[in-house]
Amino acid sequence: MPQGQQVRAFTVLQAFPQFDAQRGDDYIFSLVDYNQRQYTGFQVAKDPGVWVVWIGCILLMVGSVVAFFLAHRRIWVTLVPLDGGKTGVKFGGASNRNQPGFELAFDEMKKKFKQELGS
């Protein structure tokens, strides 16, 4: 090989012995015979920690269902001193979604509470 010339890679195919002639070099290479060994691989593994992964997966799915499909509601009940030594009840509430539905349920709860107290 002349000085300063780079080495070029080339492809030799067994099914096409004249394929290397397209290179146009002084020498033509062809693959006459090649016996490739046939083999297969088989692996058996035991993973004792796989149940931890499945429990985590189930908890993740349950958490996603709770976060995306259930409304988070908070209700506060506060006892307030009134004039004359009486005690009043003050209600408060919040919901992160479906506020109109929460308002209806909250009003129904207040109504039932008033009926129970008889006032």
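Valine 50 sits in helix 1, which covers residues 50-69. This is worth keeping in mind from the start: the model discussed here is predicted. With a relative accessibility of 38%, valine 50 falls into the partly exposed class, because that class lies between the cut-offs of 20% and 50%. Valine 50 also has company at the surface. Together with Trp51, Val52, Val53, Trp54, Ile55 and Leu59, it makes up a nonpolar patch. Taken together, the residues of this patch offer about 750 Å² of accessible area.

Next come the strands. Strand 1 takes in residues 73-81 and strand 2 takes in residues 87-95, and the two run antiparallel. Nine bridges hold this pairing together on paper. Two of the pairings can be picked out by name. Arginine 74 faces alanine 94 of strand 2, while valine 80 has glycine 88 of strand 2 as its bridge partner. Strand 1 and strand 2 make a hairpin, with five residues left over between them. Glycine 84 is found in that turn, and its phi is positive, at about 85°.

Further along the chain, the loop between strand 2 and helix 2 holds asparagine 98. The backbone does something worth a second look here: phi of asparagine 98 is positive, near 55°, even though this residue is not a glycine. As for its surroundings, asparagine 98 is partly exposed, with 48% relative accessibility.

Helix 2 then runs over residues 99-117. With its 19 residues, helix 2 stretches 27 Å from first C-alpha to last, close to the 27 Å expected at 1.5 Å a residue. Right after helix 2 comes glycine 118, with a positive phi near 75°.

What about charged side chains? Searching the whole structure turns up three salt bridges. One of them belongs to helix 2, where lysine 110 and aspartate 107 are three residues apart, which means about one helical turn separates them. In general, an α-helix has 3.6 residues a turn, so residues three or four places apart point the same way. The closest N and O atoms of lysine 110 and aspartate 107 are 3.7 Å apart. Both partners are partly exposed: lysine 110 has a relative accessible area of 30%, and aspartate 107 has one of 37%.

The other charged story centres on a small group of names. Asp20, Arg23 and Asp25 are joined up in a network of salt bridges. On one side, arginine 23 pairs with aspartate 20, with 2.6 Å between the closest N and O atoms. On the other, the side chain of arginine 23 meets that of aspartate 25 at 3.1 Å, N to O.

How buried or exposed is each member of this network? Aspartate 20 has a relative accessible area of 4%, so it counts as buried. Arginine 23, at 24% relative accessibility, is partly exposed. Aspartate 25 is partly exposed as well, at 45% relative accessibility. The network therefore links a buried aspartate 20 to a partly exposed aspartate 25 by way of arginine 23.

Terms used:
Residues numbered from 1 in each chain as written. Predicted model: local features only at pLDDT ≥ 70, side-chain atom pairs only at ≥ 80, totals over all residues. Heavy atoms only, no water. Patch = residues over 30% accessible without salt bridge, like charges linked within 9 Å, V, L, I, M, F, W, Y side chains within 5 Å. Areas by Shrake-Rupley, 256 points an atom, 1.4 Å probe, with all protein chains shown as cover. Salt bridge = Lys/Arg side-chain N within 4 Å of Asp/Glu carboxyl O. Helix = DSSP H or I, 4+ residues; strand = E, 2+ residues; numbered from the N terminus. Buried < 20%, exposed > 50% of the residue type's maximum accessible area, 1.4 Å probe, protein only. Pairing = 2+ DSSP bridges. Expected span 1.5 Å × (residues − 1).
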